[in-house]
Amino acid sequence: MTSARTTPRSRSATKQKLFQAAVTLIAEQGFSSTTVEEIAERAGVAKGTVYYNFASKTELFEELLRHGVEMLTADLRQAAEETAGRGGGRVDALDAMIRAGLGFIDHYPAFTQLYVAELWRTNRAWNDTLMVVRKQAVAVVEEVLREGVAEGELSEEIDIQLTAAALVGMVLVAALDWKAFQPERSLEDVHGALSLLLQGRVGGRGRSR
């Protein structure tokens, strides 16, 4: 009789279930109050499966933050690359990244809430990991801004690091406000508002006073 083996695909699917379950629970009741048993039950797996994938609850949470931000980063990069492939400019790429960021947050609102909350805490075991993955996400935006300046589409006066961080922060804060206080708005509606802000400020297409 052949024993069943865990394939990379099935292990990835299990980790995704654990990601969804843990993020939702921790966003609802906090890290300290959430148990491994609850995470396993919500994910529909055995408790031992959690420890098979992660050595501890702290490691689980650290990896959840890493996994979530890496997914966001991949979505942002894909949006920029697809825009470039269609012949779009750098402002178009930034606009597509805003749309991709909103789409990610729409799909994973609990993770976004958790991520933003953790950015303000400085006494967590996973602070170093959080800073590294945040830098990766912002770096994708920085790259597009840098290319736009080099190609003359964007002004050389732009502070690339600060502007990239501001754009990422704008999407996070606007999306959280959308979900919490204006849920009746559509994703396209929110994207349209942020797009106008981008075109006017970064793209330099606003009316002069």
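Reader: Which residues touch the most other members in the largest nonpolar core?

Author: In this predicted model, the largest nonpolar core has 66 residues, and those touching the most other members are Phe61, Leu94, Met97, Leu102, Phe111 and Val141.

Reader: And which elements give two or more residues to this core?

Author: The contributors at that level are α1 (8-29), α2 (36-43), α4 (57-85), α5 (90-107), α6 (109-119), α7 (127-150), α8 (160-181) and α9 (187-201). As a general point, nonpolar side chains in soluble globular proteins tend to be buried together.

Reader: Staying with α4, what should its residues span, and how far apart are its end C-alpha atoms?

Author: With 29 residues at 1.5 Å a residue, α4 should span 42 Å, and its end C-alpha atoms are 42 Å apart, so the two values agree. Just after α4, glycine 87 takes a positive phi of about 90°.

Reader: Is glutamate 82 buried or exposed?

Author: Glutamate 82, which is placed in helix α4, counts as partly exposed because its relative accessibility is 42%, a value that lies between the 20% limit for buried and the 50% limit for exposed.

Reader: What separates glutamate 82 from lysine 17?

Author: Their C-alpha atoms are separated by 28 Å, and the two residues are 65 residues apart along the chain.

Reader: Different topic: at what angle do α6 and α7 cross?

Author: The axes of α6 and α7 cross at roughly 115° and come within 11 Å, and the two helices are therefore roughly perpendicular to each other. The crossing in which α6 passes α7 is left-handed.

Reader: Which residues meet there?

Author: From α6, Tyr115, Glu118 and Leu119 meet Asn127, Leu130, Met131 and Arg134 of α7.

Methods. Residues numbered from 1 in each chain as written. Predicted model: local features only at pLDDT ≥ 70, side-chain atom pairs only at ≥ 80, totals over all residues. Heavy atoms only, no water. Core = buried A, V, L, I, M, F, W, Y, C linked by side-chain atoms within 4.5 Å. Buried < 20%, exposed > 50% of the residue type's maximum accessible area, 1.4 Å probe, protein only. Helix = DSSP H or I, 4+ residues; strand = E, 2+ residues; numbered from the N terminus. Expected span 1.5 Å × (residues − 1). Axes fitted to C-alpha atoms, helices over the stretch in contact; angles between N-to-C directions. Parallel < 35°, antiparallel > 145°, perpendicular 65-115°, else oblique. Left-handed = near helix turned anticlockwise from the far one by under 90°. Contact = heavy atoms within 4.5 Å.
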